[in-house]
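Trainee: Could you walk me through some labels people put on a structure like this one? I'd like to see the reasoning behind them.

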Amino acid sequence: MMKVVTLQHIYGKNRERMAGLLKTLVENELKDLEVKFEISITPENWAEFILEGEDEEVSANLLTSRYGTPAKKAEPGKVYMGFLQAFGEDAFLVNIGVPVKVETEELKALGSGKPKQLASRFGLIPHLPAEVEVIEANKNLKARFTKKQLDIWWSWIKAATDRVTVNGATRSEIKSAIKKTGHGRDIYEIERLGLLEHTIVCREKTDGPGIVAAIGPRLKSEMGVVIGTSR
């Protein structure tokens, strides 16, 4: 028997639904392996798997590779995957297993403005995945976003279309909300960022804030808008 704690955060009011969705995804990923598993939620709200069977070690490695594991400590110079947790007056807070701050000086890579203004401009909302490099690990854990991560966010801004970021919803729930509000022809695609985190890519003449106004009441989600500047 093996235990694996993953970097998949279970959040929101309907945690059981989220855990159930993750279980379905993992069942599909492990379907060809001789292993049984149970899923639970740790006190820190990470998804934890108990694996048992002939392929439990292979399964553990696959889950670690697919979802990552929470860092127990932050080491300077190392790159970590985590998720956006909060946007304060002087920093973004990113959870990599432990909370690290991306402070104002490092946020200049996203342009001018206070953290909350930058988050709003780039459509950043809690729980979106984010890659950081730790730069200081003394009393205060400090980090910067990697070039790879910054390039992704800047590509959203520099695009010819708007985007809408959504957390706490499945792709099918987002598609249903778009269809029921008559906006099916107004979007190109729904990109998956995480388990329940997505970005909706609008068509050239579609207004991102308008999509939020339409589908927002149908989704129990936090949403952000990115206004494409290359129109």
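**Salt bridges and exposure**

Mentor: Sure: this structure holds 10 salt bridges. The model is predicted, so local features need pLDDT of at least 70 and side-chain atom pairs count only at pLDDT 80 or more, while totals for chains, interfaces and linings use all residues. Residues are numbered from 1 along each chain as its sequence is written, and side-chain values use heavy atoms, with hydrogens and water left out.

Trainee: Why is the contact between Arg17 and Glu173 called a salt bridge?

Mentor: A salt bridge needs a side-chain nitrogen of Lys or Arg within 4 Å of a carboxyl oxygen of Asp or Glu. Here the N to O distance is 3.0 Å, so the pair fits the definition.

Trainee: What makes Lys116 and Glu89 count as a salt bridge?

Mentor: Their closest N and O atoms are 3.9 Å apart, so they fall within the 4 Å limit.

Trainee: And which parts does that pair tie together?

Mentor: Lys116 lies in helix α4 and Glu89 in the loop between β4 and β5, so parts 27 residues apart in sequence are tied together. Helices (H or I, at least four residues) and strands (E, at least two) are DSSP runs, numbered from the N terminus.

Trainee: How do you know whether Glu89 is buried or exposed?

Mentor: Buried means under 20% relative accessible area, exposed over 50%, and partly exposed in between (1.4 Å probe, protein chains only). Glu89 has 58%, so "exposed" is the word.

Trainee: What about Arg163?

Mentor: Arg163 is at 12%, so call that one buried.
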